Each structure stands twice: as C-alpha cells, then as structure tokens.
Amino acid sequence: MPPGMARNKNTFNLDPLDFELECGKMIEITGRSGSGKSTLLNMLAGMLTPTSGKVLLDDTDLYALDEKSLSRLRNEKIGLIPQGHTSLLSLTVLENVILPAILYHKDAQPEESAKELLEKVGIGNLANAKPNELSGGELRRMAISRAMLLHPGILLADEPTAGLDNENTLAVLSLLRIAADDGAAVLLVTHENEAAQYADQVYTMDGGKLVEL
C-alpha cells in the first residue's frame, strides 16, 4: 500500500510503503506524536482516504467502495479502537458496546459476550452507567470491548492503553494478544514499553517513514 499523503484536519505526509497485516500476528508501531502512526492506522481502517495507492482487504479495495458498502465491511471485518472517545451519550455502557451487533446483525444476542468483555477490562460494574459518568480510561476500555465484540478478523488499536494504570494496561495488551492467537490480524499503535513483549513484529514511524526494528 503506497498511500502517499492523507488529508484530514491535519495533513501528514507518509512515505510510499507496502505494509501487510497477517492473520494470527500482532504488529506494534511506535513513534513520537505526529509521526504518522494514527494516519496509517486510519487509512487501514477505511476512515481516511489516501491521495494515492490502495488499501486492500483480501481482494477488496476499501476506497473503491461506496460509503454504505464500506461501512458494512468495517462492521463485519474490522474492529477499530480509536484514539478519541466515541460513544452515544444517551446509551448505557452496555448498549454502546453491543451497538455494532445491532446495526447489521439483528439476530445476534451479544449481551453476555459484551458483559464478559467489560469484566475482562475491569468495568463490568459500569455496564448500566452512562458514558458521561465514566473517566477517560473507562471510556477507552468501553471502546475496546465494543471493538472486540464481534471477533473481527482485523483489530486496529490506536493507543488503547492511554490513561490506564499498569494492571489494566497489561490486561488490555493480553486481550489483544489473545485475539491475535485466535487468528485476528492485530495492529497496535502505542507508546507503552511493555507492548513489545506481546508483539510479533515491532515497527517505528518517524516523519512518515515506517521502519521495522
């Protein structure tokens, strides 16, 4: 995927690159803020259109799809843990977590799985709370649970442990490792030093250049 340059609120130059996520592997990308890590992750998630090149999921070019088809594909195959906090304030934590299942999987019964995930990330007691009652770290753990609910084949995590204490950081990294061991392709963008021991490959990004360590 040679993405060239992405345009959003901020503009980042990414050097042309070929980058592949493999099923069953967890890839870590480190690097200072503003180096292009999140830009690359959002391109891979179908959220940020590159000015050149292609992003392929199997044989499907994400950016050749119309918005409706792309949205459905993301729902079915990609779990995204964004850097910001995304939630519907009118819904409870549990309802926010099961929302992806409700959108396209009306026959799914995900409540028990959602509750299990919330327990694993340490906020099972907050299932009936509203997002505005949660701290930043708790909101992040809610987003992690939502992204993992449907067991996506691709899991993209942008600083998923930001704001978490050491115990919960390790719990989240372990969950991502388990997802990879279960066959998912996992990409982790992080500053956590502990993350390297969970990853199969580690890259660093600096000034839009991606280099394997």
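Here are legends for four close-up views of this predicted model.

**View 1. How helix α3 packs on helix α4.** In this view, residues 93-104 form α3 and residues 111-120 form α4. The two helices pack with their axes 10 Å apart, at an angle of about 120°. That angle makes α3 oblique to α4, because it falls outside the range of 65 to 115 degrees that counts as roughly perpendicular and is not over 145, the cut-off for roughly antiparallel. As for handedness, the crossing of α3 past α4 is right-handed.

**View 2. The residues where α3 and α4 touch.** Zooming in on the contact, α3 brings Val93, Leu94, Val97 and Ile98. Across from them, α4 offers Glu111, Ala114, Lys115 and Leu118. Sort this contact by class and you get six nonpolar residues and two charged ones, with no polar residues.

**View 3. The largest pocket and its centre.** The space in this pocket comes to about 720 Å³. Its lining takes in 25 residues. Which of them lie nearest the centre of the largest pocket? They are Arg74, Leu80, Thr86, Pro100 and Arg146.

**View 4. What the lining of the largest pocket is made of.** Helix α2 (67-77), strand β6 (78-81), helix α3 and helix α5 (136-148) each give two or more residues to the lining of the largest pocket. The top contributor is α3, with five residues. So α3 turns up in both settings: α3 packs against α4, and α3 also helps line the largest pocket. By class, the lining of the pocket has 13 nonpolar residues, nine polar and three charged.

Technical notes
Residues are numbered from 1 along each chain as its sequence is written. This is a predicted model: local features need pLDDT of at least 70, side-chain atom pairs count only at pLDDT 80 or more; totals for chains, interfaces and linings use all residues. Side-chain values use heavy atoms; hydrogens and water are left out. Axes are lines fitted to C-alpha atoms, for helices over the stretch in contact, and angles run from 0 to 180 degrees between N-to-C directions. Helices (H or I, at least four residues) and strands (E, at least two) are DSSP runs, numbered from the N terminus. Angles under 35 degrees count as roughly parallel, over 145 as roughly antiparallel, 65 to 115 as roughly perpendicular and the rest as oblique. A crossing is left-handed if the near helix is turned anticlockwise from the far one by less than a right angle, and right-handed if clockwise. Contact means heavy atoms within 4.5 Å. Ala, Val, Leu, Ile, Met, Phe, Trp, Tyr, Cys and Pro count as nonpolar, Asp, Glu, Lys and Arg as charged, and the others, Gly among them, as polar. On a 1 Å grid over the protein atoms alone, a cavity is a set of points where a 1.4 Å probe fits but cannot get out, and a pocket is an open set with protein on both sides within 12 Å along at least five of seven lines; lining residues have an atom within 4 Å of a point. Grid points are joined across faces, edges and corners, and a volume is the space filled by probe spheres set on the points.
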